[in-house]
Amino acid sequence: MKVSQFLFFDGTCLEAMNFYKTCFEGELVATPVSATPMSAGFPPSMHHRIINARLTTDDLDISACDWMRPDEEFIRGNMNCLYISGGSREETKRIFDLLSKNANVTDPLISLPFGYYGALNDQFGVRWMFHAE
């Protein structure tokens with residue numbers, strides 16, 4: 001498993017990640033909501049938002065998305081989390097369950113079109129996101 005940085009933006013994800021690409025170079029992949037099978041679950045006003053972006057180089061790995069929780073306020077300055085990816089589903093579930101103690105589980109681990117996903121805010125207020133193939 002790998003732990004990396006994940007950033008949240010309020011509608012400026014693509015702009016920000018393109019800026020970071022000019023700074024660090026590397027490869028940028030960005031997917032808008034409209035290009036996913038999950039687009040029907042979002043209002044049309046959110047279809048332009050980036051649901052996943054990733055900038056990679058040999059020494060850099062930054063993932064990001066636009067804020068996708070219209071029921072929760074986006075708070076500037078609280079735009080990042082720790083992102084755990086690359087492990088097996090079993091290993092991901094084990095770590096998720098451990099971090100879930102006294103946590104606010106915002107997204108239980110479930111299978112989605114892009115993989116096994118879940119998220120929580122741990123007992124110390126740190127945001128964690130999980131992804132396994």
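Threonine 57 is found in the loop that joins S3 to S4. In this predicted model, threonine 57 is partly exposed, because its relative accessible area of 29% falls between the limits for buried and exposed residues, under 20% and over 50%. Setting aside neighbours within four places in sequence, threonine 57 is in contact with Phe24, Glu25 and Gly26. A further reference point is tyrosine 20, which is 37 residues from threonine 57 in sequence and 11 Å from threonine 57 in space, C-alpha to C-alpha.

One of these contact partners, glutamate 25, deserves attention in its own right. Glutamate 25 sits in the loop between H1 and strand S2 (27-32). Its backbone has a positive phi of about 65°, although the residue is not a glycine. Glutamate 25 counts as exposed, because its relative accessibility of 58% is over 50%. A parallel case can be described at asparagine 102, in the loop between H2 and strand S6 (104-112). Asparagine 102 is likewise a residue other than glycine with a positive phi, here near 60°. At 58% relative accessibility, asparagine 102 counts as exposed.

These loops belong to a protein chain with two helices and eight strands. Along the sequence, the elements follow the pattern β-α-β-β-β-β-α-β-β-β. For 133 residues, a compact globule would have a radius of gyration near 14 Å, and the 15 Å of the protein chain agrees with this. Along the principal axes, the C-alpha atoms fill a box of roughly 40 × 35 × 30 Å. Among contacts in the protein chain with a separation of 6 or more, 52% are between residues 24 or more positions apart.

The interior may be considered next. Of the 133 residues, 41% count as buried. The largest nonpolar core has twelve residues, including Leu7, Phe9, Met17, Leu28, Ile50, Leu55 and Ile62. Two or more residues of this core come from each of strand S1 (2-9), helix H1 (13-24), strand S3 (50-56) and strand S4 (61-66). A second, separate core has ten residues, among them Phe6, Phe8, Tyr83 and Tyr117. Alanine 53 is one of the members of the largest core. Leaving aside neighbours within four places in sequence, the contacts of alanine 53 are Cys13, Met17, Leu28, Val29, Ala30, Ile62, Ser63 and Ala64.

Helix H2 (residues 89-99) contains threonine 92. Is threonine 92 buried or exposed? Threonine 92 is buried, because its relative accessible area of 0% is under 20%. Not counting residues up to four places away in sequence, threonine 92 touches Met1, Gly87, Leu109, Tyr116, Phe130 and Ala132.

At the surface, the protein chain exposes about 7800 Å², of which carbon and sulfur atoms supply 53%. The 11 positive and 17 negative charges have mean positions 4 Å apart. Glutamate 133, in the segment after strand S8 (127-132), is exposed, with a relative accessible area of 69%. Apart from neighbours within four places in sequence, glutamate 133 is in contact with Arg89 and Phe114. The C-alpha atoms of glutamate 133 and leucine 112 are separated by 9.8 Å, and the two residues are 21 residues apart along the chain.

Definitions and conventions
Residues are numbered from 1 along each chain as its sequence is written. This is a predicted model: local features need pLDDT of at least 70, side-chain atom pairs count only at pLDDT 80 or more; totals for chains, interfaces and linings use all residues. Side-chain values use heavy atoms; hydrogens and water are left out. Helices (H or I, at least four residues) and strands (E, at least two) are DSSP runs, numbered from the N terminus. The radius of gyration is taken over C-alpha atoms; the globule rule is 2.2 Å times the number of residues to the power 0.38. Buried means under 20% relative accessible area, exposed over 50%, partly exposed in between (1.4 Å probe, protein chains only). Contact means heavy atoms within 4.5 Å. Accessible areas come from the Shrake-Rupley method with a 1.4 Å probe; for residues, only the protein chains shown count as cover. Lys and Arg count as positive and Asp and Glu as negative; His and the chain ends are not counted. The place of a charge is taken as NZ of Lys, CZ of Arg, CG of Asp or CD of Glu. A nonpolar core is a set of buried Ala, Val, Leu, Ile, Met, Phe, Trp, Tyr and Cys residues joined through side-chain atoms within 4.5 Å.
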